[in-house]
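Work through these short exercises with the model open beside you. Try each task before reading its solution.

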Amino acid sequence: MSDQNPKVIVLMGSKSDWDIMQHADETLTRFDVPHVCRALSAHRTPGAVMDLVSAAEGNGTEVIIAAAGGAAHLAGVVAAHTLLPVLGVPMKSALDGLDSLLSTVQMPAGIPVGTLAIGKAGAINAALLAVAILARKDAGLRDQLQKFRDEQTEKVLNTTLP
Ligand code: RP5
C-alpha cells in the first residue's frame with residue numbers, strides 16, 4: 001500500500017531486504033494502515049535517508065520501521081533524525097543476523113531504537129507494534145488488533161497434532 005501521507009514508513013537498507021520486509025508490508029496492509037516501503041541505505045544514500053526522515057513527522061507519519069543487515073546502522077541513523085518512534089528489524093547476514101542485531105539494539109543512551117527479532121518474526125512484529133502504537137488513539141484499529149489476537153488464540157487452541 002502506498003500513500004502520500006503514510007502513518008508508517010517501512011525503510012530497508014537494500015532491495016535485498018524485501019523478501020523479509022514484505023511481511024511487514026503485508027501485516028500493515030492487513031490492518032489497512034497507510035504506509036510506504038522504501039529502500040535507502042544509511043551508508044550508500046545517507047542524504048536521502050536524512051531527507052525522508054526529517055520530513056516524516058510533518059507529513060503525518062507516526063512510526064518508522066527501519067530494517068538493515070550487517071553493520072546495521074540504519075535504525076540508529078533514522079532515530080537520530082526524528083522524534084518519532086523507530087522500530088528496528090535486524091536482517092539475516094553473513095553472521096546470521098547477530099551482527100545486525102547488535103548493531104541495531106546497542107544504541108547509546110539518548111537515542112532509542114525499539115529493536116525486534118531478527119528476520120521474518122521481527123518484520124511482522126514491527127508492523128504489529130506500529131499498529132499497537134497507532135491504536136492508542138484509533139478505536140477502530142484497536143478493535144482490529146483485538147480481533148487479530150482473538151483469531152490467533154483460537155487457531156492455537158484448535159491445533160491438532162498428528
Ligand atoms: C544493508 O546491507 C542492507 O540492509 C542489507 O541487509 C545488507 C546487504 O545489502 P546488499 O549488498 O544486498 O544491497 O545495508
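Helices and strands here are DSSP runs, numbered from the N terminus; a strand needs at least two residues. The model is predicted.

**Exercise 1. A histidine in a strand**

Task: Find the element that holds His35, decide whether His35 is buried or exposed, and list its polar partners.

Solution:
- Step 1. Place the residue. His35 belongs to strand E2.
- Step 2. Check the cover. The cut-off for buried is under 20% relative accessible area. His35 has 0% relative accessibility, so it counts as buried.
- Step 3. Look for a side-chain partner. The side chains of His35 and Asp25 are joined by a polar contact of 2.6 Å.
- Step 4. Look for a backbone partner. A polar side-chain atom of His35 lies 2.7 Å from the backbone oxygen of Val33.

**Exercise 2. The ligand site**

Task: State where the ligand sits, which residues surround it, and how much of its area the protein buries.

Solution:
- Step 1. Locate the site. The ligand occupies the largest pocket.
- Step 2. List the shell. Around the ligand are Gly13, Ser14, Ser16, Asp17, Arg44, Ala68 and Gly69.
- Step 3. Sort the shell by class. One residue is nonpolar, four are polar and two are charged.
- Step 4. Pick out side-chain distances to ligand oxygen atoms. For Ser14, a polar side-chain atom is 2.6 Å from such an oxygen. For Ser16, the distance is 2.7 Å. For Asp17, an N or O atom of the side chain lies 2.6 Å from an oxygen atom of the ligand.
- Step 5. Turn to area. The ligand taken alone exposes 370 Å², and the protein buries 67% of that.

**Exercise 3. Positive phi**

Task: Say where Asp32 and Asp96 lie, and what sign their phi angles have.

Solution:
- Step 1. Recall the background. Most residues other than glycine have a negative phi.
- Step 2. Take Asp32. Its phi is positive, about 55°, although Asp32 is not a glycine. Asp32 is in the loop between helix H1 (18–30) and strand E2 (35–39).
- Step 3. Check the cover of Asp32. The cut-off for exposed is over 50%. Asp32 has a relative accessible area of 54%, so it is exposed.
- Step 4. Take Asp96. It has a positive phi of about 65° and is not a glycine either. Asp96 sits in the loop between strand E4 (86–91) and helix H4 (98–105).

**Exercise 4. A threonine in a helix**

Task: Place Thr104, decide whether it is buried or exposed, and find what its side chain reaches.

Solution:
- Step 1. Thr104 is part of helix H4.
- Step 2. Its relative accessibility is 2%, so Thr104 counts as buried.
- Step 3. The Thr104 side chain reaches the backbone oxygen of Ser100 at 2.8 Å.

**Exercise 5. Sequence and space**

Task: For the pairs Pro90 with Gly47 and Gly60 with Ala71, give the separation in sequence and in space.

Solution:
- Step 1. Place Pro90. This residue is in strand E4. With 0% relative accessibility, Pro90 counts as buried.
- Step 2. Read the Pro90 pair. Pro90 and Gly47 are 43 residues apart in sequence, and their C-alpha atoms are 22 Å apart.
- Step 3. Place Gly60. This residue is in the loop between helix H2 (46–56) and strand E3 (63–69). Gly60 is partly exposed, with a relative accessible area of 30%.
- Step 4. Read the Gly60 pair. Gly60 and Ala71 are 11 residues apart in sequence and 30 Å apart in space, C-alpha to C-alpha.

Notes:
Residues are numbered from 1 along each chain as its sequence is written. This is a predicted model: local features need pLDDT of at least 70, side-chain atom pairs count only at pLDDT 80 or more; totals for chains, interfaces and linings use all residues. Side-chain values use heavy atoms; hydrogens and water are left out. Helices (H or I, at least four residues) and strands (E, at least two) are DSSP runs, numbered from the N terminus. Buried means under 20% relative accessible area, exposed over 50%, partly exposed in between (1.4 Å probe, protein chains only). A residue is near a molecule or strand if one of its heavy atoms lies within 4 Å of it. A polar contact is a pair of N or O atoms within 3.5 Å; within protein, one must be able to donate a hydrogen and the other to accept it, and residues adjacent in sequence count only if both atoms are side-chain atoms. Accessible areas come from the Shrake-Rupley method with a 1.4 Å probe; for residues, only the protein chains shown count as cover. On a 1 Å grid over the protein atoms alone, a cavity is a set of points where a 1.4 Å probe fits but cannot get out, and a pocket is an open set with protein on both sides within 12 Å along at least five of seven lines; lining residues have an atom within 4 Å of a point. A molecule sits in a cavity or pocket if more than half of its atoms lie within 2 Å of its grid points. Ala, Val, Leu, Ile, Met, Phe, Trp, Tyr, Cys and Pro count as nonpolar, Asp, Glu, Lys and Arg as charged, and the others, Gly among them, as polar.
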